[in-house]
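Take a moment with the model below before reading on. We will walk through its strands, its core and a few unusual spots.

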Amino acid sequence: QVRLVESGGGLVQTGGSLRLSCAASGNIFRIANVGWYRQAPGKSREWVASISRSSTTTYADSVKGRFTISRDDAKNTVYLQMNSLEPEDTAVYSCNGQIVTSENRYYNIWGQGTQVTVSS
């Protein structure tokens, strides 16, 4: 079974940094596009950043210049480096990935999320 597991969330002060990880496990042949999303209390989920198979990156305007998405295919892991964090960044962060297994099965799956809290 293919899974995505996020980690690295926590409590940080304004201006601080965190690095989130999104690790894929299972019989993985290839990971294509991966995106990070976040959902704050009482708000809809919003897209944060994406990285393609060729490592092309895109960012939401609200995080551009502060967040960096990257991938390590040898570890089947995508990272989100978050710097200059603001209270408005407080949310549950989840990753979504397009994964192909060695049995040539395609999955579009979500992780369970990790909480990021930025104190003022």
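Two strands count as paired if DSSP finds at least two bridges between them. Keep that rule in mind, because it decides what belongs to a sheet. Note also that this is a predicted model.

Start with strands E1 and E3. They run antiparallel, and 5 bridges join them. One of these contacts is easy to find: Leu4 has Ala24 in E3 as its bridge partner. In general, strands of a sheet pair through backbone hydrogen bonds, either parallel or antiparallel.

Now widen the view. E1 belongs to an open sheet of 4 strands, in the order E1-E3-E8-E7, with antiparallel pairing. Its edge strands are E1 (3-7) and E7 (67-72), each of which pairs on one side only. Neighbouring strands of this sheet are turned against each other by 15° on average, direction ignored. At the E7 end, 6 bridges join E7 to E8, and the two run antiparallel. Look there for Thr68, whose bridge partner in E8 is Gln81.

Go back to E1 for a moment. Which residues make up its covered face, and which its uncovered one? Leu4 and Glu6 are on the covered face, while Arg3, Val5 and Ser7 are on the uncovered one. This fits a general pattern: in a regular strand the side chains alternate between the two faces of the sheet.

Next, find strand E9 (91-101). How many of its 11 residues are buried? The count is 9, so E9 is largely enclosed by the rest of the structure. E9 also has several pairing partners to trace. With E4 it runs antiparallel, joined by 9 bridges. In that pairing, Trp36 has Cys95 in E9 as its bridge partner. E9 and E11 pair in the antiparallel sense over 3 bridges. Here Val92 is matched with Gln115 in E11. E9 and E10 are antiparallel too, with 5 bridges. Asn96 stands opposite Trp110 in E10.

Cys95 deserves a second look. It forms a disulfide with Cys22, and the two sulfur atoms are 2.1 Å apart. The structure holds 1 disulfide. This pair links distant parts of the chain: Cys22 sits in strand E3 and Cys95 in strand E9, 73 residues apart. Why is the disulfide called right-handed? The torsion about the S-S bond is about 75°, so the disulfide is right-handed. Both ends are shut away from the surface in the sense used here. Buried means under 20% relative accessible area. Cys22 has 2%, so it is buried. Cys95 has 0%, so it is buried as well.

From the disulfide, turn to the core. The largest nonpolar core has 31 residues. Those with the most contacts inside it are Trp36, Leu80, Met82 and Tyr93. Two or more residues come from each of E3 (18-25), E4 (28-39), E5, E7, E8, E9 and E11 (114-119). Follow Tyr93 outward. Leaving out residues up to four places away in sequence, Tyr93 touches a list that includes Leu20, Trp36, Leu80 and Met82. Polar or charged names can be found among its contacts too, including Glu6, Arg38 and Thr114.

Three loop residues remain. Begin with Asp89, in the loop between E8 (77-82) and E9. Is Asp89 buried or exposed? Its relative accessible area is 1%, so Asp89 is buried. Setting aside neighbours within four places in sequence, Asp89 is in contact with Arg38, Arg66, Phe67, Ser84, Val116 and Val118.

The other two share an unusual backbone feature. Most residues other than glycine have a negative phi. Asn104 has a positive phi of about 65° although it is not a glycine. Where is it? Asn104 lies in the loop between E9 and E10 (106-110). These two strands form a hairpin with 4 residues between them, and Asn104 is in the turn. Its relative accessible area is 67%, so Asn104 is exposed.

Ser55 is the other case. Its phi is near 70°, again a positive value in a residue other than glycine. Ser55 lies in the loop between E5 (46-51) and E6 (57-59). At 40% relative accessibility, Ser55 counts as partly exposed.

Definitions and conventions: Residues are numbered from 1 along each chain as its sequence is written. This is a predicted model: local features need pLDDT of at least 70, side-chain atom pairs count only at pLDDT 80 or more; totals for chains, interfaces and linings use all residues. Side-chain values use heavy atoms; hydrogens and water are left out. Buried means under 20% relative accessible area, exposed over 50%, partly exposed in between (1.4 Å probe, protein chains only). Contact means heavy atoms within 4.5 Å. Axes are lines fitted to C-alpha atoms, for helices over the stretch in contact, and angles run from 0 to 180 degrees between N-to-C directions. A nonpolar core is a set of buried Ala, Val, Leu, Ile, Met, Phe, Trp, Tyr and Cys residues joined through side-chain atoms within 4.5 Å. A disulfide is a pair of cysteine sulfur atoms within 2.5 Å.
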